[in-house]
Amino acid sequence: MFHCLSCGISLYLSNEVNSLETMLSETPEHLTELGANVKIGHDVLKIDTKNKTIIVENLETQEQFTDHYDKLVMATGSSASVPTVKGVDSFRVQVCKTYEQAQTIKQYSKNNHHIAIIGGGYSGVEMAEAYAHTNHQVTLIQDGPQLLCNYIDLETSDLIVASLRSHGIDVRLNTRVNAFEPTEDGKQVNILTQNDNMLADFVVACTGFEPNTELLFNQVKLDRNGALSTNEWQETSDPDILAAGDVCSTYVNPAKQKEYYSLATNAIRQGYAVGHNLFGHQYRNTGTQATTALRFFNHTLATSGLTLSHALKCGYDADSVTYHGLHRPYFMPTNGKIDIKLVYDVSTRKILGAQFFGDFDLTQSANTISVCIQNENTIDDLAFIDMLFNPHYDQPFNYLNLVAQLAIEKETPISTQK
């Protein structure tokens with residue numbers, strides 16, 4: 001069986017999706033129909049890049065054989081990171097990435113009420129929200145002052161934390177887990193932190209992902225994050241080996257460097273590029289803005305590009321403005337608040353990133369910002385770009401126009417303001 005989309009696992013755990021099988025992105029049978037020679041139940045033990053051979057084991061018969069390749073595609077994905085703390089091997093502590101792991105967690109959660117989630121990234125926040133919908137007691141533990149630190153700044157994180165807490169989730173920030181200790185009766189696990197200890201029935205560690213690159217150690221170049229280093233054609237340092245998905249880094253356009261983002265959108269574009277570039281340089285990967293979205297409770301979080309802190313670390317003369325307002329005209333009978341943080345470079349006025357938070361669908365605005373960043377548009381471009389107006393959807397000046405106008409006002413010298 002092929003891996004399901006891991007970003008949909010929280011939907012399965014919250015019973016919004018009844019079966020993991022419905023989230024399978026491909027099947028062996030379909031690929032066979034297309035002409036592929038698919039070997040299920042086989043494991044690659046070794047790759048010899050000098051001789052272009054691989055050693056494969058049939059997991060059912062334990063038979064090993066050698067195969068050859070002209071071009072090799074590495075799409076081995078990633079594995080869930082396992083915290084290096086005492087007691088992590090307890091059966092009451094699980095990680096969540098694969099089909100099998102999701103099934104195990106689903107089974108355990110049926111008979112365990114208090115679930116502790118370690119890690120405040122996308123997986124951790126989605127899982128916390130999922131279990132809040134199933135009437136579980138949920139504790140979310142994050143080693144650091146904010147959630148989703150790769151995608152949003154602190155003030156946006158504060159909005160998310162407030163929402164999670166208002167729905168009964170115990171969010172504990174700046175809390176490092178030092179060990180797990182099962183209770184004497186084996187029915188619970190004691191979570192030891194530098195602040196205090198807490199009991200939970202079951203723990204899910206959502207502490208990130210690690211690229212599965214061990215088959216190519218010391219044979220091709222790895223980036224500083226341990227992922228396979230690829231060029232714009234998705235070729236590794238060995239031009240006969242291409243890579244796509246979580247196993248490799250991706251070029252982040254506003255950061256102007258390769259970074260590791262475990263996103264399905266990156267993987268599918270990289271896979272498309274590999275499929276074409278096996279036969280020559282036909283499709284250049286245009287990089288990413290790491291555009292993402294998260295729906296939880298009645299809120300939408302959407303992001304694209306760099307946070308302010310990330311932009312400053314990348315050497316930009318960066319600044320930001322935040323728009324607080326209504327997404328529709330005041331006379332509409334129903335309305336919703338919206339918060340937008342726009343990050344830009346002061347010297348060039350180029351847009352570097354944005355974070356959206358509100359009670360309606362803001363995702364397409366994040367996509368618009370992604371296009372602006374990739375095309376190197378400025379706050380001046382965004383402030384007056386033509387956008388639709390309809391009272392059901394926005395205001396005469398779209399909120400993207402308005403936040404960009406705030407940035408222009410901030411960068412306009414007082415002496416020139418009227």
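Colleague: Where does H310 lie?

Modeller: H310 is in helix 7, residues 308-313; helices (H or I, at least four residues) and strands (E, at least two) are DSSP runs numbered from the N terminus. This is a predicted model, in which local features need pLDDT of at least 70, side-chain atom pairs count only at pLDDT 80 or more, and totals for chains, interfaces and linings use all residues. Residues are numbered from 1 along each chain as its sequence is written, and side-chain values use heavy atoms, with hydrogens and water left out.

Colleague: Is H310 buried or exposed?

Modeller: Buried, with a relative accessible area of 16%. Buried means under 20%, exposed over 50%, partly exposed in between (1.4 Å probe, protein chains only).

Colleague: What does the side chain of H310 make a polar contact with?

Modeller: The side chain of E259, at 3.0 Å. A polar contact is a pair of N or O atoms within 3.5 Å; within protein, one must be able to donate a hydrogen and the other to accept it, and residues adjacent in sequence count only if both atoms are side-chain atoms.

Colleague: Other topic. How many disulfides does the structure hold?

Modeller: Zero, where a disulfide is a pair of cysteine sulfur atoms within 2.5 Å. For C149, the nearest cysteine sulfur is that of C206, 14 Å away. For C372, the nearest is that of C314, at 19 Å.

Colleague: And C372, buried or exposed?

Modeller: C372 counts as buried, at 6% relative accessibility. C149 is partly exposed, at 45%.
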